[in-house]
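Student: I am new to this structure. Please take one part and walk me through it closely, then show how it fits with the rest.

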Number of protein chains: 2
Amino acid sequence: MSAQPSRMATAATPPSDRVRLRRKRERGSYDREAIDAILDEALIAHLGIADESGQPYVIPTLHARSGDVVYCHGSPASRTLRTLQAGAPACLTVSLIDGLVLARSAMHHSANYRSAMLIGRARPVEDPREKRAALRAVIEHIVPGRWDDVRPPSENELKATAVLALPIEEASAKLRTGAPVDDEQDYALPAWAGVIPLTSEPQALQPDPRLRAGIAAPDYVTSYRRPGRP
Amino acid sequence: MSAQPSRMATAATPPSDRVRLRRKRERGSYDREAIDAILDEALIAHLGIADESGQPYVIPTLHARSGDVVYCHGSPASRTLRTLQAGAPACLTVSLIDGLVLARSAMHHSANYRSAMLIGRARPVEDPREKRAALRAVIEHIVPGRWDDVRPPSENELKATAVLALPIEEASAKLRTGAPVDDEQDYALPAWAGVIPLTSEPQALQPDPRLRAGIAAPDYVTSYRRPGRP
């Protein structure tokens with residue numbers, strides 16, 4: 001996220017020129033395993049569409065990867081979903097912030113991060129079985145273990161929900177890890193330098209005020225953590 | 001982020017039709033104070049641009065609000081920055097995830113979140129004084145208190161950095177707070193329901209392996225927290 005060298009050295013061939021990493025290529029990767037891990041750990045995605053005038057819109061949304069696609073869902077009346085269903089080109093980006101990189105000079109400050117970007121056109125999911133599986137994937141993406149404990153979608157709920165599948169074909173990952181990298185002469189400066197690691201941490205549970213008496217929070221709630229997190 | 005009622009009731013007049021909240025309007029706001037608070041607390045933004053073919057790209061970036069603009073910076077060679085400097089329409093979205101909303105039915109699962117979206121065209125910042133002030137704003141956005149402890153940008157560093165200002169004119173905020181909202185008959189189900197609050201928490205500091213002996217981490221590092229966070 002700033003003009004710095006990096007610790008990342010994995011880079012294969014880009015699947016298309018559109019996702020070819022132009023800047024700081026040494027931070028990038030087209031490796032599916034790396035891309036999938038970032039998609040799976042990130043809680044939300046930012047979905048980009050453009051209108052006819054070329055005006056882009058970036059919308060936060062819950063998502064879930066399932067095999068070679070990423071599912072999103074929403075109201076069939078949503079502008080974003082209608083645009084995507086009509087076959088408009090899309091971009092889906094997820095980003096994880098792992099730490100703040102404090103260098104001795106202003107310009108070498110940065111963030112340690114992992115991000116993945118997919119571009120392509122989404123396919124509307126019409127088949128009720130795939131739709132249900134997609135919604136299950138989204139719920140299990142948010143809280144693994146949750147699906148079996150809740151009422152599944154009714155036929156009417158399925159009909160009232162638009163689901164889209166974006167293929168993981170044109171995709172890339174980018175990351176920065178490790179300590180700050182300063183200009184050699186700046187290492188003599190008296191400033192503290194290092195990384196403030198950041199993680200998304202669950203706080204004290206807030207049970208629904210209407211929770212029935214005697215229902216304890218299950219293990220997947222009390223010991224909640226993001227997939228991929230140690 | 002899913003089709004649910006909400007606790008939010010503030011909504012004024014949209015500054016343009018393009019940022020008018022179409023879906024779940026009761027969750028939205030055009031209030032500058034609300035928008036500014038979300039921009040200030042969020043560590044990163046997702047910046048959307050579209051190429052000539054209408055293909056959108058969504059790029060994570062560090063940002064900083066200063067008065068009525070949001071600054072971003074990067075290499076003058078970056079595709080994103082060159083596109084923005086050429087006056088292309090842009091969208092900048094920031095999102096904070098405050099919690100996971102576990103309902104008794106699959107379809108009423110959601111996230112508590114706050115997001116802000118700006119659309120418009122960015123202005124290239126050429127004046128060295130404004131450029132320096134913008135970079136200071138970005139550093140202070142990441143770690144408040146940091147700027148005075150580090151070497152400021154040199155003239156060459158300033159020249160080698162592109163800075164853009166996106167006006168906060170066409171903007172909206174959206175949020176969800178509070179407990180799950182289930183269908184009335186589902187409250188009888190035996191599933192646990194409630195919210196898992198999530199916050200971004202600093203972990204044990206990682207001092208630079210090349211940190212000079214005897215330099216302690218300053219208070220703004222040891223007691224780091226996001227602005228706006230209690």
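Tutor: What follows starts from one strand and works outward to the meeting of the two chains.

Bear in mind that this is a predicted model. Chain A has 5 helices and 11 strands. Its C-alpha atoms fill a box of roughly 65 × 50 × 30 Å along the principal axes. Of its 230 residues, 47% count as buried.

The part to look at is strand 5 of chain A. Of its 14 residues, 13 are buried, so the rest of the structure largely encloses this strand. Now go through its partners. Strand 6 of chain A pairs with strand 5 of chain A over 12 bridges, in the antiparallel sense. Find Thr93(A) there: it stands opposite Met117(A) in strand 6 of chain A. Strand 2 of chain A also runs antiparallel to strand 5 of chain A, and 3 bridges join them. Here Leu47(A) has Leu92(A), in strand 5 of chain A, as its bridge partner. Strand 10 of chain A, residues 194-202, is another antiparallel partner of strand 5 of chain A, with 4 bridges. In that pairing, Gly99(A) has Pro197(A) as its bridge partner. In a regular strand, side chains alternate between the two faces of the sheet.

Next, helix 1 of chain A, residues 32-41. Its buried residues are Ala34(A), Ile35(A), Ile38(A) and Leu39(A). They lie on the same side of helix 1 of chain A, because their arc around the axis is only 130°. An α-helix has 3.6 residues a turn, so residues three or four places apart point the same way. The cover over these buried residues includes strand 5 of chain A, along with strand 1, strand 3, strand 4, strand 6 and strand 9 of chain A.

Now step back to the contacts. In chain A, take those between residues at least 6 apart in sequence: 72% join residues at least 24 apart. The largest nonpolar core has 128 residues. Tyr71(A), Leu164(A), Tyr71(B) and Leu164(B) touch the most other members of this core. Take Leu164(B). Beyond its neighbours within four places in sequence, its contacts include Tyr71(B), Leu81(B), Ala122(B) and Val125(B). In soluble globular proteins, nonpolar side chains tend to be buried together.

For contrast, turn to a loop. Asp51(A) sits between strand 2 and strand 3 of chain A. It counts as partly exposed because it has 16 C-beta neighbours inside 10 Å.

Last, the second chain. In all, 86 residues of chain B are in contact with 85 residues of chain A. Several elements of chain B each supply at least two residues to that side, among them strand 5, strand 6 and helix 3. Strand 10 of chain B gives the most, with 9 residues. By kind, the residues on this side of chain B are 55 nonpolar, 18 polar and 13 charged.

Strands pair across the chains too. Strand 11 of chain A, residues 206-207, and strand 10 of chain B are antiparallel, with 2 bridges. There, Pro207(A) stands opposite Gly194(B).

How are the copies related? A turn of 180° and a shift of 0.0 Å along the axis lay chain B on chain A with an RMSD of 0.0 Å. That is the relation of a two-fold axis. Within chain B, Ser200(B) comes closest to the rotation axis, its C-alpha at 2.1 Å. The copies meet through the same surface, because 99% of the interface residues of chain B are also interface residues in chain A.

Key: Residues numbered from 1 in each chain as written. Chains lettered and ligands numbered in written order. Predicted model: local features only at pLDDT ≥ 70, side-chain atom pairs only at ≥ 80, totals over all residues. Buried ≥ 20, exposed ≤ 12 C-beta atoms within 10 Å, placed from the backbone. Contact = placed C-beta atoms within 7 Å. Core = buried A, V, L, I, M, F, W, Y, C linked by C-beta atoms within 7 Å. Nonpolar A, V, L, I, M, F, W, Y, C, P; charged D, E, K, R; others polar. Pairing = 2+ DSSP bridges. Least-squares fit on C-alpha atoms with pLDDT ≥ 70 in both. Arc of directions from axis to C-beta.
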